[in-house]
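This report describes how parts of one protein model are arranged. Please keep the sequence and the structure in view while reading.

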Amino acid sequence: MWKYKCKSQFFSLIGAFIIGFAMTMFFSSNDLFQSIINETMPAAVVTVFESNPWLIGVSGGLGFAGLLNVFLIGSLISSKYPGTMYLFMLAAIMLPDYAISLGMFALPIMIVVDLYGWISLNLQTKRGYSKANISGDDEIVRIYLLHHKLDPKYEAVAEDTKKTLFKVNLAYILGLVAVFCAMFFLENLFISMLLVLVCIFAFQYLARIRASSYNSIASILINECNPEGCLSALIYMSKSGSHYKIKNRALFAQCLIYLNEPSLAQDVLIAFPRSTTNNLMAYYSLMGYIYYLLKDENGLNRCKEEMTNLRPQLGAMGMMVKSEELAALENKINLMKGDFNTCKKYYLNLLKRSMTNLQKSDCEYYIALISFVQRDYVIAKMYFEKVLETGNKLYFVRNAKNYLKKIDESHLLEADDFS
């Protein structure tokens, strides 16, 4: 899991150094800054700084990167032990000198570890692409476009999402600058603590905005049941020059699943960032559906086993999500084993709780399919017709039409009534 964070951490540290260097050089001629340097540092050090002004910038850059490193270390530890991030924040506020010294001391180690994790993850991803006989995202998009067309009306949605994410990332950077200023340039400890706490709540708010930034695109699939439209928006968003870097791989793969293209969906998930427990649950849930469509029972069982071993970090809510995902995987296994009565009950219960057209269509399709296999053609026809009402452009609709045609042409309803 940790390798998926290495690239962003590496560039965050480099960016922090550049910002710290630039800010320090900008303020170095300020009288207040000069007085702080003279009061807090030995005369010999001040003399060295005066004769080598660029050292002030390097020191500021290292200090900013060291401070960020403290938060990165805290984030890594809090992923294992929730709540410890606040202890790191408190330590950084109460003992900034020690916190920054610790961050600077650990900075070379963190950079080396980040580089190793980033490079090894890239090699791992390339091996996965090589095994799948594809070169990367460009080829995935090319293969998709061989059979599907982009819908231009969804380009505007992609652009709006891009702008939102850019604003969120910019706000994160400005927030880190504000924290840095509070730690170094404000002498009032109470105001510094207050500003840092405000930044923490602001970061949490920004995290919620970032998490919901794809809602307008996801709604195209979830509410409109239009995987091609959703993929159009994602592909427009993923284009950079003449190349593609797929955004939101989970949603991209889900769209391909509902177009009945499990192999391509599996290729998309090769580079899926499994950096958190929530991401892992999403990954095994999607892979479970893919393995079901590919009729790979062993792969489906592996996904269930891996999901069982996960430990959600969101308390009761996390356990509830895990329970739902495990039930879905268990149901797919029951489908492959032919335990249709159990599966039918599962889908009927899930249909009662379904809030989106996508989930309703999914349940209705499988209820109809199971009923058809069980020769309950009246129920099968009723639910296939429901699929036509809600399914829009899901592959379920095409299959439902074929089954309804079989029922009508073979006079199965009359035979069912006669029996």
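At roughly what angle do the axes of helix α19 and helix α20 cross? The axes of α19 (residues 377-390) and α20 (residues 395-409) cross at roughly 145° and come within 9 Å. Helices here are DSSP runs (H or I, at least four residues), numbered from the N terminus. Axes are lines fitted to C-alpha atoms, for helices over the stretch in contact, and angles run from 0 to 180 degrees between N-to-C directions.

The model is a predicted one, in which local features need pLDDT of at least 70 and side-chain atom pairs count only at pLDDT 80 or more, while totals for chains, interfaces and linings use all residues. Residues are numbered from 1 along each chain as its sequence is written, and side-chain values use heavy atoms, with hydrogens and water left out.

**The helix pair and the core**

Contact (heavy atoms within 4.5 Å) joins residues of α19, including Y377, F384 and L388, to residues of α20, including F396, A400 and I407. By class, this contact has 11 nonpolar, no polar and 4 charged residues. Nonpolar covers Ala, Val, Leu, Ile, Met, Phe, Trp, Tyr, Cys and Pro; charged covers Asp, Glu, Lys and Arg; the others, Gly among them, are polar.

The largest nonpolar core has 83 residues, and F252, Y366, F384 and F396 have the most contacts inside it. Such a core is a set of buried Ala, Val, Leu, Ile, Met, Phe, Trp, Tyr and Cys residues joined through side-chain atoms within 4.5 Å. Helix α14 (residues 277-293) gives the most to this core, with 11 residues. Beyond its neighbours within four places in sequence, F384 touches Y365, A368, L369, F372, A400, Y403, L404 and I407.

**Buried and exposed places**

Buried means under 20% relative accessible area, exposed over 50%, and partly exposed in between (1.4 Å probe, protein chains only). In helix α12 (residues 249-257), 8 of the 9 residues are buried, among them F252. I56, in helix α4 (residues 53-80), counts as buried because its relative accessibility is 10%. Its C-alpha atom is separated by 7.9 Å from that of F21, 35 residues apart along the chain.

Most residues other than glycine have a negative phi. Two asparagines have a positive phi instead, as the table shows.

| Residue | Phi | Loop | Relative accessibility |
|---|---|---|---|
| N133 | about 60° | between α6 (96-131) and α7 (137-145) | 66%, exposed |
| N392 | about 50° | between α19 and α20 | 41%, partly exposed |

Key
Helix = DSSP H or I, 4+ residues; strand = E, 2+ residues; numbered from the N terminus.
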